[in-house]
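Dear colleague,

Please find below the structure I agreed to pass on to you. My notes on what was found in it follow directly after.

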Amino acid sequence: MKKDFYEILGISKNASEAEIKKAYRKKAIEFHPDKNPGNKEAEEKFKEAAEAYEVLSDANKKAKYDQYGHQAFDGGGGFQGGGMNMDDIFSQFGDIFGGGGFGGFGGGGGQRRVKGSNLRIKVKLTLEEIANGVEKKVKVKRKIQAQGVSYKTCSTCNGQGQVMRVTNTILGRMQSASTCPTCGGAGQILDKKPANADSQGMILEDETVSIKIPAGVVDGMQLKVSNKGNDAPGNGIPGDLIVAIEEVEHEFLKREGENLHYDLYISFSEAVLGVSKDIEAVNGKVRIKLEEGIQSGKILRLKGKGVPSVNSYGTGDLLVHVNVWTPKTLNKDQKQFFESNLENENFIPHPEKSDKSFFEKVKDMFS
């Protein structure tokens, strides 16, 4: 089971952006591989800290993590909220350490590997697919390195991807690093390219990507498939495929978090006599029995017939809202029957204490 991201960085959930960055920098320095050569435990802690920072430093990712936990970013089958490799981690250092490497450390050999751009797609899911989890195969147009393309070391930065500048200040000589303007940080520039390749030696190619989507995802949630974005020039690493979830509205069921709502309409006769009804559930029909004299507005709760939690916290319920349908037109005999019972004791409302008001029912639904 993964550790809590806030616990990894040693901060509270109310930590500011600056506090998050400061906490990550402290952990990164403490567990950096160059300071702990051969120490696998330190390397794992280094990766954990980087994964925590990747999520908590992004307002959207942080909000999803606070609501859904690790499952919002790790649904299995290639989805990662982190799962970062060393190249991903070192690519963060420009932001954390002022754009110039990592203090005095080597930064994984000194050469940064540029990451390709991410691709974004939208996947529509039915309520049934959301409730059960699903594997989708989608066709994606990716930029990949063309066959026969070759690169050479950038002479401006000597393959480092960065150029160092020394400036004189009142405090003395200060050294800073910035992305190489010639190679864009790749450390390599195009040497030879086929005629059909672009200026970076890339071509567009269709690829079918298999996406395993965990049960319980919500509309608007974004999942990540690592290394299925565009390739990067030279020895760079591919970007990621960002998958946005779009929930298709169900014909009968309304979703509210993990719970589902179903409006059941019955006739006055069925309400009086009682009846068995087939209810539309997310995994097929469910038969329920309505007692004699059931009241309109009654809510029946079917435990575990809702949607699983994306964070594995159980499954919601199906709430059946009973609505007694009042006939709008009556024939002569039917009208006489009801007129003759206007003063009948059985037809006069006698709500009991157990018959909750509408507001009490709403309160119960959200409690």
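**Salt bridges and helix H4**

At 25% relative accessibility, Lys47 counts as partly exposed. Please bear in mind that this is a predicted model.

Lys47 forms a salt bridge with Glu43, and the closest N and O atoms of the pair are 3.6 Å apart. Glu43 is likewise partly exposed, its relative accessible area being 22%. Because the two residues lie four positions apart in helix H3 (residues 40–56), about one helical turn separates Glu43 from Lys47.

In total, the structure holds 20 salt bridges. Among them is the pair Glu129 and Lys136, at 3.0 Å from N to O. Another joins Glu247 to Arg255 at 2.9 Å; here Glu247 is partly exposed, with a relative accessible area of 23%. In addition, a network of salt bridges links Glu54, Lys61, Lys115, Lys224 and Asp240.

I turn next to helix H4, which spans residues 59–68 and in which Lys62, Lys64, Tyr65 and Tyr68 are buried. Viewed down the axis of H4, the buried residues fall within an arc of 165°, so they line one face of the helix. Ala59, Asn60 and Gln67, on the other side of H4, are exposed. The elements covering the buried residues of H4 include helix H1 (5–9), helix H2 (17–31), H3 and strand S8 (222–225).

Both ends of H4 deserve a remark. At the N-terminal end, Asp58 acts as a cap, with a side-chain oxygen 3.0 Å from the backbone nitrogen of Asn60. Just after H4, Gly69 adopts a positive phi of about 75°.

With kind regards

Definitions and conventions
Residues are numbered from 1 along each chain as its sequence is written. This is a predicted model: local features need pLDDT of at least 70, side-chain atom pairs count only at pLDDT 80 or more; totals for chains, interfaces and linings use all residues. Side-chain values use heavy atoms; hydrogens and water are left out. A salt bridge is a side-chain nitrogen of Lys or Arg within 4 Å of a carboxyl oxygen of Asp or Glu. Buried means under 20% relative accessible area, exposed over 50%, partly exposed in between (1.4 Å probe, protein chains only). The arc is that of the directions from the helix axis to the C-beta atoms. Contact means heavy atoms within 4.5 Å. A polar contact is a pair of N or O atoms within 3.5 Å; within protein, one must be able to donate a hydrogen and the other to accept it, and residues adjacent in sequence count only if both atoms are side-chain atoms.
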